[in-house]
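Visitor: Could you walk me through this one? I'd like to have it in front of me while we talk.
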Amino acid sequence: MAEATKKKNLDGAPVIDFDKFRPTRSSEQARKIKDYVMTGVIALAFVIACIPLVSVLWTTIINGAKRLNLNFLGYNMTGVVGGNPTPSGGYGGVLHAIIGTLEITAGAMVISIPIGIMCAVYLVEYAHGGKLAMTISLLVDVMSGIPSIVAGLFAFSMFTIVFGPGTINGFEGSVALSLLMLPTVVKSCEEMLKIVPNDLREASLALGVTKQRTITKIVLRTALPGIVSGCILAIARVIGETAPLLMTAGYIASTNVNLFSGQMTTLPVYVYQEYSKLNANCPAGADASCVTTIPMERSWSAALVLIIIVLLLNLIGRLVAKVFAVKTER
Amino acid sequence: MSSQDKTALAPTGGKTADKVFRGVAYGCGILILVVLAAVFLFLFFRAWPLIGGDQAANNETVSNFTGGKANNFWGYVLPLLFGTVLVSILALIIAFFVSIGIALFISHYAPKNIATGLSYVVDLLAAIPSVIYGLWGGLILVPAIYPFWDWVANHLGWIPIFAGPAANPQRTVGTVAVVLAVMVLPIITSMSRDIFLQTPSLQQEAAYGLGATKWEMIKLAVIPFGKSGIVSASMLALGRALGETMAVLMILSPGLSYSIKLLQASQSQTIAANIAAQYPEANDLGVSVLIGTGLILFLITFVVNFVARKITEKAGA
């Protein structure tokens, strides 16, 4: 080795002083320190993100549990005067809001899930990456960014133009929500249809089965758990929407079970309305059973009910995807 | 045997069903285009009195809304637009670094089995409804953040945006931006995490092979690879922040000025929150004005989202 270098030197090759390039101890140290610091910063970022999550969940549970009981779940807001207790012994409740939320969300499901699935079928099974399909795919993505309030304004404008001014009903809210739900359904179904192995389609078509039957009996059935899970997550996304329902479905104190006529309260709107009431009136000399802070307490309890529903839906959606997942070759 | 006969005898029925099914699928695909066009057209028709109607009446409606502060539509919508963009950009700035940090933590630092759990935690943040963020922001964060903003106003007050005195309660742009940052955080995190995980391991190992530390590897391989993904994720987050209604409505004390004083109350308002706030008391013409502002919000978020998706598309191709 030493001889080889000597020979090169004799040939007039430049002498390279490798020691010059050897990292000094301080620069090594600096790089190491920087690495440690960045690890710390990145871990810190995660801790920072956990603070609001923990705080939101914790405060909602603590404040919400105070008024969350069967009476709260079993009665609506009729007969609630100021901070006084109702004859049933409670302080009003969310029965009407839960019914409204379920009906309006069911309406949105009925509209957007079939359309969403068929749109995904078109994109994956029929379009084969044509120009129209590319445009639709892009617009579905763009649509998922539509602000919820714009969806509300759209449903409101449509119903006033088509059914005359002042139309407010639960179904109008369903239309607004379906606009928000549609892109989520399309996207998740598209993903699910894409991972159905092509062998299954080809095997079915080779047996002489029509394309429609291949899709409904083979492709959709294989992708079913994923589709169900995607739809549940889409429902979880829209069930907490407030702004569009504020202007389309309205707010009333009594229970309305007719989706197609009259105002309807939903849980998120209930939370907001109680929040904006600030305090309830108590007549002078009222006894301790009159609570002035009752609107805020109702608001927290309704928020807790809402969070429980949303988290349950998320959990179910993920479990469905995991437990019933089709094993694809990957 | 009989069932075999059936399928052999009736292939024509299958063909009709095939055609119908195909038609329905095409129809649903095209329906997406129709719906988007309908959103624009219905908003446009409902806002028409604003453009084609009596301008004097329009201007009067606007000055009724604002208590005489603004006298025409543009004088009304531009400060709102300013407020919307200000709050959203601030939220994006706050959320950006934290979410990139979390994404890197999940993709490159945390052990594999913990990482999936951590992604669930971030998804949980996205699942919480905005009205609950509003409630939490209005009742918990507003009092809790006051000492911090007060400290900022006292010590950094020489920077114009932090000019004091800090309002108490802190129903200000600064606080709203913090809440919006929490709300958009999961969007940036989940998208950039996905793209970070796709970094070619060859590049990562090459960086390690050259003696890079972990952070240097991330700087050399992961960040350059994920750049376009990060940009498009940020644009999507911006789109979400621009349209957020409830959190702003429930926290911000509204105003109508081109002010950048983040810590003072009654300075700005966003378009979305303004619609929700004014809507219940608006008359017919007032609703037209509000829908006009909504149309502008729709167009802006549409463009932001469109650009974001175009960037992702290019990166994916």
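Guide: Let us begin with the annotation, keeping in mind that the model is predicted: the unreviewed UniProt entry marks residues 24–45, 73–106, 118–149, 169–188 and 287–308 of chain B as "transmembrane region".

Visitor: Take residues 73–106 of chain B, then; what share is helix and what share is strand?
Guide: That span is 100% helix and 0% strand, and the C-alpha atoms at its ends lie 47 Å apart.

Visitor: And how far apart are the ends of residues 287–308 of chain B?
Guide: For residues 287–308 of chain B the end C-alpha atoms are 31 Å apart, and this span, too, is 100% helix and 0% strand.

Visitor: Switching to the two chains: how many residues does each one put into the contact?
Guide: Chain A contributes 68 residues and chain B contributes 69 residues. On the side of chain B that touches chain A, the largest share comes from helix α2 (residues 11–46) of chain B, which supplies 21 residues.

Visitor: What classes of residue make up that side of chain B?
Guide: Where chain B touches chain A, its side consists of 48 nonpolar, 12 polar and nine charged residues.

Visitor: Now chain A by itself; which domains is it divided into?
Guide: Chain A has domain 1, covering 25–66, and domain 2, covering 70–278 + 289–324, and the C-alpha centres of these two domains are 34 Å apart. The contact between domain 1 and domain 2 of chain A takes six residues from each of them.

Visitor: And what's on the domain 1 side?
Guide: The side of domain 1 of chain A that touches domain 2 of chain A has two nonpolar residues, three polar and one charged.

Methods. Residues are numbered from 1 along each chain as its sequence is written. Chains are lettered from A and ligands numbered from 1 in the order in which they are written. This is a predicted model: local features need pLDDT of at least 70, side-chain atom pairs count only at pLDDT 80 or more; totals for chains, interfaces and linings use all residues. Two residues are in contact if their C-beta atoms, placed from the backbone, lie within 7 Å. Helices (H or I, at least four residues) and strands (E, at least two) are DSSP runs, numbered from the N terminus. Ala, Val, Leu, Ile, Met, Phe, Trp, Tyr, Cys and Pro count as nonpolar, Asp, Glu, Lys and Arg as charged, and the others, Gly among them, as polar. Domain bounds come from an automatic or database domain assignment. UniProt positions are given in the numbering used here, feature names are shortened, and annotations may be inferred rather than shown by experiment.
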